[in-house]
Amino acid sequence: MSASTSTDDTAKTPKKTATKTPKTHGSSPRFELPGGAVGYVESSTVVPLVSIVLSFRSGALADPEGRDGLSRLTARMMRRGCKGMTSSEIESAVDRLGGEIGFDVGPSTISLHAQVIRRNLQPFCELLVKVLGTPTFDQEEFDRLKRETVAELIDARDNDRALAGLAFRRAVFPGHPYSRTAAGRPASVEKLTRAEVLATYAKRFVQSDIVLGFAGAITLEEAKTLGALLVHSVPQGPHVENELPEPAHPVGRKLFFVDKPERTQTQILIGTLGTHPRDPDHWPLVAATAVFGGTFTSRMMREIRSKRGWSYGTSARLSIERKRHAFTMGAFPAAADCAPCVSLELKLLEDFTKDGITPRELAFIKNYLIRSHAFEIDTAPKRLGQALETELLDLPADYHTKYLAHVHAVTLETANAAVAKRLSAKDLVVVVVGTASDILDSVTKAIPDLVEHVVIPFDHD
Amino acid sequence: MSQKIAALTARVNEKAAGDGAKWTYEGSVPFVDLGVAALGGEVPHVHRFRLGNGLRLLVLVDRSAPVMSYFTWFRVGSRHEKPGKTGLAHLFEHLMFNESEGLKAGEFDRKLEENGAESNAATWLDWTYYYESLPKDRFALAVKLESNRMAKLVLREPQIVSEKEVVANERRMRVDDDVEGIANEVLYKTAFTKHPYHWPTIGWMVDIENFTPADCVAFYKTYYAPNNATIVICGDVREQDVLERIRDAYGVIPASTLPEEDTTPEPVQLESRSVTLKKPTASEKILLGFHGPALGDADHAALSILNEVLFGGRASRMYRELVTTHEVCTDLRGWVSTFRDPGLYEMYFTARTGTPGADVLARADAELARVRDEVVTDEELERAKARLELGLVQSLETASGKAEQIGFYDTVLGDPAAAFRRLEAYRRVTSGEMRTAARRYLTLDARTIINVLPEAAAATGQAAE
């Protein structure tokens, strides 16, 4: 499960389809499992497929300072050998059963995602029990995985958008655990030891921290039986505490320029802190942000893409996490258009924070958010995802289940008050990936009241 | 099922304004059961119709969610362009969201979003499609908007200029500043010398910059017509409602005169071709292209399974040898192109930083030699087939996923349920047939190699394009 969501892809829940036929459904059935674990199931016979998500309630934020990547390396080691099976034998068995597994590490979760053709559900779950419960953490495999991970991290520098995202997190959350990446850095991964991985597994892969979900061609009774089987694969242990400080707001306008040769196209991210799902003005800010940059006809799209043709895509989004997370504006114009695009985005943000949105825009976005909600719940895995997200991020219980009511309740006054209170065009970070020798000067000049600019080599750790 | 739909078609035709607005029912195809019936679900059927003006319609009723997907497939892609005008089919993917008669620029998207719709489009070598997914009670809106832009698109200079700029930016993102994107473009440019698969769907930059409104009008009048389109509808709809609304909206649109296909088949490649690029990247990349079968050729299934054995997942031969055992790659994948005409079997390798591409190529070639010389094991065959079945089932979870599968196979192979025929074909493939396919297509002295070098390494004197 993704640990963060945005205004345009936030999973939402029950729904009245369009405006005529009110149709609601409650949250997915929740059930207790051994050892304090909890389970959810979303049954559907649309396709003969079962999805399984098994999450532990701690993620990359629990990695010690300077050991970024530890959770992810531990999770990846799970498929590198278990009792009686080598890594290769595990992979072969998964394929032979018509299955797929993957581990995903977010800020607050470590999750096993799996899918299997229905007829092989039982043997597939038995395989997962071995994978989760008896990992061997073989030293040779560990060394191999570390080398592989470091090589992947270096290759990831080919991806300019990923470079921008990395720099943005570090810029918005300096010194906060949110500045770290789950993947780690080449230098931090190289330092990790097998002993640390063993300790992480022993401490964090425990029954009491499991949130387990099934979706698809499976009944509640089957889910309970197989859920118990899976939970018993890991030992009992105390819940892992994950206290997080509140992130601090950026002060002044700062530019972080990621310098990479030969960029004909640039990546721009502009942002600040956003919202927390328990904020009283959370939903008004979600609606207003969607007006600003959450649809194909948003203000940002109209001004940057439709009128000027500067960027193939552009958007604004709000991420949610356990603490207040980011408000982000993104665009990727040609190098020659980068400075004017930064300038325009700042102007749009100034207007947005000063004047808010109009009654017409609010009416439009409420229609969009309400009517498009059908696509947030049109498959069993999506419905399950909402239930798991609510549980794992400790969202208000009705966050997804009363989504329509939340959106209905937004007024022009609450939306504009939320924008004025939460967002600022004066205190923000601007991240640009481009070629400094070509455009750094013009970009710095495009940002009035710039208090600081930093140039970061693209291959900086 | 067929009799019921035939009777319904006859009833709907009683109210048709003329022959151009009459439906012909062309039969129903079971959208084959993958075990859904055993779980209490119904085995659905794709109903096929043709309107008097040539418009084809495929309908799959699916009430699993209160939504519907509406795809319009045009049988035009970059293969139908001419040198100097490449990228025109793709530019239309953008222009079609602009102004049409009675609908100002921006209103198309606005109306859809206001009604909760998702919409997008895609263009490739053989086809272009547009789609909307909507709440089920917004079906009429999709019919109105789609029929309007099929017949009444307005092609004015300001919108064309703006969209050309957007497409140029898209090209920078997908090709010029993307190592894999540029390598893939050079692969096809080098492997195809006569056939239109030579040029990229997004078009050469110089062509994108030079399109005129007259180019766009001529292309639109030729290819955006009911007799060159298939509408695919999947979701919570009633067949009668679909037939009546589509007839009323599209029946008045005249058919166009479609030009005869003017494609030069690609001559047999008799020599190995190679190109070296230098890019700001940390590691070498190697892209291989072997001329392969068309999607409809009998060998395609065997080669697809072989691709799973070689590249499918971490238990595959290439992954095990090049990533796990010898640690010469960080990433690799293979794909047998799914084109109407013979395409390429592409293989992509990212070398570990510091590992010479030659080492990667030598190990990859050793694996290719193995599949030419020996049959794969039964266990490998079983795994490959299970992986392909899983991939198909995963693609059918949503209404839009089903509609895309139906439209793709109908457009390329003329069979809306061909995905399931392919699954049956996979099940029949033997290891001997795979070895024969390997010997037929994986010939080292008639392939194309694109080698991307980190700029620092390229500076040491290796030949580069």
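The paragraphs below go through chain B of this predicted model, from confidence to domains to one sheet.

The model has an ipTM of 0.90 and a pTM of 0.91. For chain B the mean pLDDT is 93, with 95% of residues at 70 or more. An exception to trust is the stretch 458-465 of chain B, where pLDDT stays under 50; the model has 13 contacts beyond four places in sequence for these residues.

The domain assignment divides chain B into domain 1 (2-250) and domain 2 (273-458). Their centres, taken over C-alpha atoms, are 29 Å apart. Contact between them involves 38 residues of domain 1 and 33 residues of domain 2 of chain B. On the domain 1 side, the elements of chain B that each supply at least two residues include β1 (23-30), β4 (67-74), β6 (128-135) and α6 (179-191). Helix α6(B) gives the largest share, 9 residues. By class, this side of domain 1 has 26 nonpolar, 7 polar and 5 charged residues.

Further along chain B, 5 strands form an open sheet with mixed pairing, in the order β8-β12-β9-β11-β10. Its edge strands are β8 (273-279) and β10 (329-336) of chain B, each paired on one side only. Neighbouring strands are turned against each other by 10° on average, direction ignored. At the β8 end, β8(B) pairs with β12 (447-454) of chain B in the parallel sense, over 7 bridges. One of the bridge partnerships links B:S274 to B:I449 in β12(B). Helix α12 (357-373) of chain B lies across β9 (285-291), β10, β11 (344-351) and β12 of chain B, and runs at about 135° to β11(B).

Definitions and conventions. Residues are numbered from 1 along each chain as its sequence is written. Chains are lettered from A and ligands numbered from 1 in the order in which they are written. This is a predicted model: local features need pLDDT of at least 70, side-chain atom pairs count only at pLDDT 80 or more; totals for chains, interfaces and linings use all residues. Two strands pair if DSSP finds at least two bridges between them. Helices (H or I, at least four residues) and strands (E, at least two) are DSSP runs, numbered from the N terminus. Axes are lines fitted to C-alpha atoms, for helices over the stretch in contact, and angles run from 0 to 180 degrees between N-to-C directions. Two residues are in contact if their C-beta atoms, placed from the backbone, lie within 7 Å. pLDDT is the predictor's confidence in each residue, from 0 to 100. Domain bounds come from an automatic or database domain assignment. Ala, Val, Leu, Ile, Met, Phe, Trp, Tyr, Cys and Pro count as nonpolar, Asp, Glu, Lys and Arg as charged, and the others, Gly among them, as polar.
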